[in-house]
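Open the model in your viewer and keep the selection box ready. This tour goes stop by stop, with something to select at each one.

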Amino acid sequence: MNLRDLFLRVRALVAPRRVEHELDEELAFHIEYDTQRHIANGLSAADARARALARFGRCRLSPTGVATPAARP
Amino acid sequence: MLQSALGDYPGTNRDFGTPFQKSACGGPRRLGVDSRHQPALVSTFDTMARHAIPDLLPGTLDLLILRTLQTDSLHGWAISERIQQISQDVLQINQGSLYPALHRLEHRGWIEAEWAVSELGRRAKYYRLTPSGRRQLAVEADEWERMVAAIGRVMKLA
């Protein structure tokens with residue numbers, strides 16, 4: 001375990017919600033970026049979002065627009 | 001599988017689904033490359049069973065990520081896209097493996113992350129190589145070259 005690893009682990013223990021939120025934000029950004037790319041390529045907003053979500057995987061968005069994992073089947 | 005990868009980190013307990021997620025992109029054949037913990041790149045031969053995915057060498061995803069970040073600071077989407085473009089669509093990173101790999105590399109101190117405003121006007125997490133990561137890239141690149149050369153020799157002579 002290096003210092004960076006220790007720092008990240010302690011941070012996640014001390015501020016778990018912040019770490020969770022940052023992960024959600026990172027994944028939501030990925031989907032949004034992919035959506036915008038598909039729109040730029042001519043897809044409708046709905047189709048672009050569907051394509052981005054399908055490409056990303058089994059992920060859904062919460063009402064706050066934050067990506068959350070799909071429920072386990 | 002993915003959950004176990006992220007579950008190592010306090011505050012995360014995720015299941016983004018199978019890393020063998022069916023691609024919606026279509027296109028040419030894409031190779032499956034095994035990361036250290038799970039397959040990271042998937043084939044669009046979707047009729048293939050999981051076990052039939054042609055995994056290559058362990059650690060390949062880490063090497064690709066480190067190499068992609070050698071010159072630029074990039075967010076996850078851009079890393080994925082750059083690998084796909086440079087490989088001429090042969091390699092497509094499974095997103096369910098990309099982010100655990102990024103976080104794993106960050107924990108190892110080989111890359112570091114910084115939040116910045118992207119061209120979308122929205123915050124994005126940008127990754128860049130650390131000095132330690134640069135040294136690791138050199139080591140892994142050498143190992144890769146040695147492995148490729150060894151396989152090449154076998155293929156020519158066997």
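**Stop 1: the hairpin.** Select strand 2 and strand 3 of chain B. The two run antiparallel and are joined by seven bridges. Strands here are DSSP runs of E with at least two residues, helices are runs of H or I with at least four, and both are numbered from the N terminus. Two strands count as paired if DSSP finds at least two bridges between them.

A word on ground rules. This is a predicted model, where local features need pLDDT of at least 70 and side-chain atom pairs count only at pLDDT 80 or more, while totals for chains, interfaces and linings use all residues. Residues are numbered from 1 along each chain as its sequence is written, chains are lettered from A and ligands numbered from 1 in the order in which they are written, and side-chain values use heavy atoms, leaving out hydrogens and water.

Stay with the hairpin. Five residues lie between strand 2 and strand 3 of chain B, and Gly121(B) in the turn has a positive phi of about 80°. Now pick out individual bridges. Glu114(B) has Tyr126(B) of strand 3 as its bridge partner. Ala116(B) is partnered by Ala124(B), also in strand 3. Then show side chains for Arg123(B) and Trp115(B). Arg123(B) lies over the face of Trp115(B), 4.2 Å from the ring centre. The test for a charge over a ring is NZ of Lys or CZ of Arg within 6 Å of the ring centre and within 35 degrees of the ring normal.

**Stop 2: the whole sheet.** Add strand 1 of chain B. Strand 1 pairs with strand 3 in the antiparallel sense over two bridges. One bridge to find links Leu74(B) to Tyr127(B) in strand 3. The result is an open, antiparallel sheet of three strands in the order 1-3-2. Its edge strands are strand 1 (74-75) and strand 2 (111-117), each pairing on one side only. How many of the seven residues of strand 3 of chain B are buried? Five are, so strand 3 is largely enclosed by the rest of the structure. Buried means under 20% relative accessible area, exposed means over 50%, and partly exposed is in between (1.4 Å probe, protein chains only).

**Stop 3: the core.** Select Ile65(B), Leu66(B), Leu69(B), Ile79(B), Leu98(B), Leu102(B) and Ile111(B). In the largest nonpolar core, which has 31 residues, these touch the most other members. Helix 2 (16-40) and helix 3 (45-56) of chain A each give two or more residues to this core, as do helix 2 (60-68), helix 3 (76-86), helix 4 (95-107) and strand 3 (123-129) of chain B. A nonpolar core is a set of buried Ala, Val, Leu, Ile, Met, Phe, Trp, Tyr and Cys residues joined through side-chain atoms within 4.5 Å.

Centre on Ile79(B). Beyond four places in sequence, its contacts include Ile65(B), Thr68(B), Leu74(B) and Tyr127(B). Contact means heavy atoms within 4.5 Å.

**Stop 4: aromatic pairs between chains.** Three aromatic pairs turn up over all chains. Select Tyr33(A) and Trp77(B). Their rings form a tilted pair, 4.4 Å centre to centre with 45° between the planes. The pair crosses from helix 2 of chain A to helix 3 of chain B. Tyr33(A) is buried at 15% relative accessibility, and Trp77(B) is buried at 9%.

Next, select Phe56(A) and Tyr99(B). This pair is also tilted, at 6.4 Å centre to centre and 35° between the planes. It crosses from helix 3 of chain A to helix 4 of chain B. Phe56(A) is buried at 6% relative accessible area, and Tyr99(B) is buried at 4%.

Rings of Phe, Tyr and Trp (its six-membered ring) pair if their centres lie within 6.5 Å; planes under 30 degrees apart are stacked, over 60 edge-to-face, and the rest tilted. Add Phe29(A) to the selection: with Tyr33(A) and Trp77(B), it forms one aromatic cluster.

**Stop 5: a buried glutamate.** Select Glu81(B), in helix 3 of chain B. Glu81(B) is buried, with a relative accessible area of 10%. Among residues more than four places away in sequence, Glu81(B) touches Arg37(A) and Arg55(A).

**Last stop: chain B overall.** Zoom out. Chain B has five helices and three strands, in the pattern α-α-β-α-α-β-β-α along the sequence. Of its 158 residues, 49% count as buried.
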